[in-house]
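Student: Please show me the model. I would like to work through its contacts by question and answer.

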Amino acid sequence: MAQMTMIQAITDAMRTELKNDENVLVYGEDVGQNGGVFRATEGLQDEFGEERVFDTPLAESGIGGLTLGLAVTGFRPVMEIQFFGFVFETMDEVVGQIARLRYRTGGKYGAPVTIRTPYGGGVKTPELHADSLEGIIAQSPGISVVIPSTPYDAKGLLISAIRSNDPVFYLEHMKLYRSFREEVPEEEYTVEIGKADVKREGKDVTLIAYGAMVHTCLKAADQLAEEGYEAEVIDLRTVSPIDMDTIVESVKKTNRAVMVQEAQRQAGVGSNVMADLNERAILHLEAPVLRVAAPDTVFPFAAAEDVWLPNENDVIEKAKAVLNF
Amino acid sequence: MATKTIEQVESHFEMFQILNENGEVVNKDAMPDLSDEQLQEIMHRMVYTRIWDQRAISLNRQGRLGFYAPVAGQEASMIGSHYALEKEDWILPGYRDVPQVVWHGLPLYQAFLYSRGHFHGGQIPEGVNILPPQIIIGAQIVQAAGVALGLKRRHKDNVAITYTGDGGASQGDFYEGMNFAGAYEAPAIFVVQNNQFAISVPVEEQSAAKTIAQKAVAAGIHGVQVDGMDILAMYSVTETARKNALNGEPTLIESVCYRYGPHTMAGDDPTRYRTEELDNEWEKKDPLIRFRKFLEDKDLWNEEKENEVVDQAKADIKEAIKQADDTPKQKASDLIEIMYEKLPQNLQEQLEEYREKESK
Ligand SMILES: Cc1ncc(C[n+]2csc(CCOP(=O)(O)OP(=O)(O)O)c2C)c(N)n1
Ligand SMILES: [Mg+2]
């Protein structure tokens, strides 16, 4: 075991799969010698060579098309979009082409593709770097969307993504890259895509979150505990498809739930979870499911991030509202 | 056959230069018609911009500025091309092209607010024809074709100029922008500042084309490669491009230059991808040194003049930072208010919610 940050765990997952399968290729803007702008691919070009880990020209649509082409010629591409906000440049390749490839070819060609990209607020980036756009991809059939919140999950999920014969969109919250370390096995292991994880057990209220908001919820749960409420915190880990079984099981126990997302109220995946809870668990609920989300504006200019992003107090306030309903 | 065509095309794109590295005029016939005062003004702007760049870098390091992309090395490219424009012309800049928009009329303190991520940085004053610096590489290029067509349809004697980098020339939007402008015979100028790197990726890895200028050929528009460290050459080609643009003939200008600093102030380490030798080689071509030499030989510049500009730049920056500091902090409710002309129901509710929170 080793102590790793999330970004180290991500690099480690890529190294593991580059070793395991010669068809794995890792590429994107500045991914080669520079090791990526966050150093996620640090050292990989030196270790595996320029044929397997390489820079691309600056064109996201080109990178997406390259990926589909490499996939149908038997490779297992891991492409990087330098920041999630640049997904719009390659939206057709990702959602219009890669996600539909299996369907269009009647099952003949799958797309064993992993698309990695950093996102997430709290690090004061310029426009279109930090936006939570996961809801847009999550609405698209044919591609899974994975968002780890811990180094351990990050490695296991990325290995699963690379091994998947269907495309996986893998989102890395920038704020979590180096915020803490934890024990991560040096050997290979997988974390199943499509499975949520109970990050803290509790009987009074279920807090459902993903990405950096998992940690916001854990902090809120600590504070709620001081006031005598035991909150259960569920980390979705995969936001498409959503593991409703784990959520419903929790709600059967707590009878109360709050959905927490960093994305705007009108975006993200919260409304999906809430709609599904309504269909599957309404008779177990003793209060409406409430949500914590950002306001329906464009992701804020850097200087306003602190007032815009949801925080522990917002979670505590909504948790108390359902607890005292 | 195909190889021959490429060679023929490439042979047309020799680098245009007026002042060489030593400040000597090597292309007398091409000397632009600029008065002594204008020549001094150009030098003033380059010196001012260099000082501003240095201050911006140190302010960023102190945490008093936010996002900043250094410009030293690119002053001739930026200021020479801008000086050939008219006040009513439109500029569609990339994130590094802050000097051009400030010289076009955006107050310095607003450029600082833009850097800090304050919405007032984007509130462009009336009569200043610019868009905020574009973060999405390539987006401004297609939009420039649109602004140019708009100017043409409105029968204005004005052009749209847009800036991107060597990396930006790989985007699909780059080709689409040039192609649209050509197809509509719109008054557009596309400047690619080829500073040799797109973050860490060297320009040679972007394309098999030997020059970026030659990419104009396929779009059927003019293309020229210029020494981007030579302000007279930059001015001259942009002036010509402007005239052509008004005749419905767009131009692609590739300015060959270098950025001395890191890509941005957000953790880029140039030693990972370039050598000190390369840095030194380019610093010898410095745009300020060669133009200063040229002016000194004509008795148009001296240390006293230089110091005046330095002092003025420092005083202006101090004042602008103060003005930026004095600007009210932005609130979540401010951001809600600027989303639509008329707030829809969801935002109306949220506006009230946030105002209440903010009043506590
Ligand atoms: C669509 C898009 N892709 C990627 C980026 C990230 N990025 C910012 S600057 C840059 C390199 C740009 O290089 P170049 O066009 O040569 O301009 P320079 O920064 O050298 O002036 C990259 C990849 C971006 N901002 N937008
Ligand atoms: Mg460049």
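Tutor: One definition comes up front: buried means under 20% relative accessible area, exposed over 50%, and partly exposed in between (1.4 Å probe, protein chains only). This is a predicted model, where local features need pLDDT of at least 70, side-chain atom pairs count only at pLDDT 80 or more, and totals for chains, interfaces and linings use all residues. Residues are numbered from 1 along each chain as its sequence is written, chains are lettered from A and ligands numbered from 1 in the order in which they are written, and side-chain values use heavy atoms, with hydrogens and water left out.

Student: Are B:Asp166 and B:Asn195 buried or exposed?

Tutor: Both residues are donors of the magnesium ion (ligand 2). Apply the accessibility classes to each. B:Asp166 and B:Asn195 are both buried.

Student: Which protein atoms are the donors of that magnesium ion (ligand 2)?

Tutor: Donors are N, O and S atoms within 2.8 Å of the metal (3.2 Å for Na, K and Ca); water is not among the atoms, so sites may look incomplete. The protein donors here lie 2.0 to 2.1 Å from the ion. They are B:Asp166 (OD), B:Asn195 (OD1) and B:Phe197 (O).

Student: How are the donor residues of the magnesium ion (ligand 2) spaced in sequence?

Tutor: Helices (H or I, at least four residues) and strands (E, at least two) are DSSP runs, numbered from the N terminus. B:Asp166 sits in the loop between strand 2 (160-165) and helix 7 (172-183) of chain B, and B:Asn195 in the loop between strand 3 (188-194) and strand 4 (197-198), so this pair ties together parts 29 residues apart in sequence. The full spacing is D-x28-N-x1-F.

Student: How much area do chain A and chain B bury between them?

Tutor: Contact means heavy atoms within 4.5 Å. By that rule, chain A gives 35 residues and chain B 36 residues. Buried area is the accessible area (1.4 Å probe) that two parts lose on being put together, summed over both. Carbon and sulfur atoms carry 56% of a total of about 2700 Å².

Student: How many residue pairs are in polar contact across the interface of chain A and chain B?

Tutor: A polar contact is a pair of N or O atoms within 3.5 Å; within protein, one must be able to donate a hydrogen and the other to accept it, and residues adjacent in sequence count only if both atoms are side-chain atoms. Both residues must also be at pLDDT 80 or more. The count is nine.

Student: Which elements give two or more residues to the side of chain A that touches chain B?

Tutor: Look for helices and strands of chain A on that side. Two or more residues come from strand 14 (290-294) and helix 11 (305-308).

Student: How many salt bridges are there between chain A and chain B?

Tutor: A salt bridge is a side-chain nitrogen of Lys or Arg within 4 Å of a carboxyl oxygen of Asp or Glu. B:Arg272 pairs with A:Glu42 at 3.0 Å, N to O. A:Asp314 pairs with B:Lys357 at 3.1 Å, N to O. The count between the chains is two.

Student: Why does the pair A:Asp314 and B:Lys357 join two chains?

Tutor: A:Asp314 is buried at 15% relative accessibility, and B:Lys357 is partly exposed at 33%. The pair joins two chains because A:Asp314 lies in helix 12 (residues 312-323) of chain A and B:Lys357 in helix 14 (residues 345-359) of chain B.

Student: How many residues apart are B:Arg50 and B:Asp286?

Tutor: These residues form a salt bridge, with the closest N and O atoms 2.8 Å apart. B:Arg50 is buried at 15% relative accessibility, and B:Asp286 is buried at 5%. B:Arg50 is in helix 2 (residues 36-61), and B:Asp286 is in the loop between helix 10 (276-283) and helix 11 (287-297) of chain B. The separation is 236 residues.

Student: What separates B:Lys293 and B:Asp297 in helix 11 of chain B?

Tutor: The two form a salt bridge at 3.4 Å between the closest N and O atoms. B:Lys293 is partly exposed at 40%, whereas B:Asp297 is exposed at 57%. They are four residues apart, so the separation is about one helical turn.

Student: Which residues does B:Ala241 touch, not counting residues up to four places away in sequence?

Tutor: B:Ala241 is in helix 9 (residues 231-246) of chain B. At 1% relative accessibility, B:Ala241 is buried. The residues touched are B:Ile189, B:Glu249, B:Thr251 and B:Ile253.
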